[in-house]
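User: I have this model open beside its sequence and would like to go through it step by step. Could you take my questions in turn and reason each one through?

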Amino acid sequence: MLTILGIKLSYETLVFLGLFLGSELIGASKLRDNSVVQLILSGINALKPLRREDDQINKIKQIFKD
């Protein structure tokens, strides 16, 4: 954990914020058209985990309905 201006942040939070700000900057600029940036963005998109939270919530709802 790091403390910045009295706020404790985990390393994962800092990485997420950095990636988020980077994606916003790329989306707002003309870097989006650069082939190197496209390669990096496709790599990042491939590393994103699949969302399964909705499936887990539906399973829990089914358990309580039965």
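User: How many helices and strands are in the chain, and which pattern do they follow along the sequence?

Analyst: This is a predicted model, and the chain in it contains 3 helices together with 2 strands. Read along the sequence, these elements come in the pattern β-β-α-α-α.

User: What percentage of the residues is buried, and how much area does the chain expose?

Analyst: A residue counts as buried when its relative accessible area is under 20%, and in this chain of 66 residues the buried ones make up 3%. Carbon and sulfur atoms supply 65% of the area that the chain exposes, and that exposed area is about 6,300 Å².

User: Which residues form the nonpolar patch on the surface, and which element gives the largest share of it?

Analyst: The patch is formed by Val-15, Leu-19, Val-36, Ile-40 and Ile-44, which together have about 450 Å² of accessible area. The elements that contribute two or more residues to it are helix H1 (11-28) and helix H2 (35-47). The largest share, 3 residues, comes from H2.

User: Why can Ile-44 be counted in a surface patch?

Analyst: Ile-44 is found in helix H2, and it is one of the residues of the nonpolar patch. Patch residues need over 30% relative accessible area, and Ile-44 is partly exposed, so it passes this cut-off with a relative accessible area of 35%.

User: Is Glu-12 buried or exposed, and what distance separates its C-alpha atom from that of Met-1?

Analyst: Glu-12 lies in helix H1. Because exposed means over 50% relative accessible area, Glu-12 counts as exposed at 59% relative accessibility. Glu-12 and Met-1 are 11 residues apart along the chain, and the distance between their C-alpha atoms is 9.2 Å.

User: Which residues form the aromatic pair, and how are their rings arranged?

Analyst: The structure holds 1 aromatic pair, formed by Phe-16 and Phe-20, with 6.4 Å from centre to centre and 20° between the planes. Planes under 30 degrees apart count as stacked, therefore the arrangement of Phe-16 and Phe-20 is described as stacked.

User: Where do Phe-16 and Phe-20 stand relative to each other in helix H1, and what is the relative accessible area of each?

Analyst: Phe-16 and Phe-20 are 4 residues apart in helix H1, which means that about one helical turn separates them. Phe-16 is exposed, with a relative accessible area of 53%, whereas Phe-20 is partly exposed, with a relative accessible area of 40%.

Technical notes:
Residues numbered from 1 in each chain as written. Predicted model: local features only at pLDDT ≥ 70, side-chain atom pairs only at ≥ 80, totals over all residues. Heavy atoms only, no water. Buried < 20%, exposed > 50% of the residue type's maximum accessible area, 1.4 Å probe, protein only. Areas by Shrake-Rupley, 256 points an atom, 1.4 Å probe, with all protein chains shown as cover. Patch = residues over 30% accessible without salt bridge, like charges linked within 9 Å, V, L, I, M, F, W, Y side chains within 5 Å. Salt bridge = Lys/Arg side-chain N within 4 Å of Asp/Glu carboxyl O. Phe/Tyr/Trp six-rings, centres within 6.5 Å; stacked < 30°, edge-to-face > 60°.
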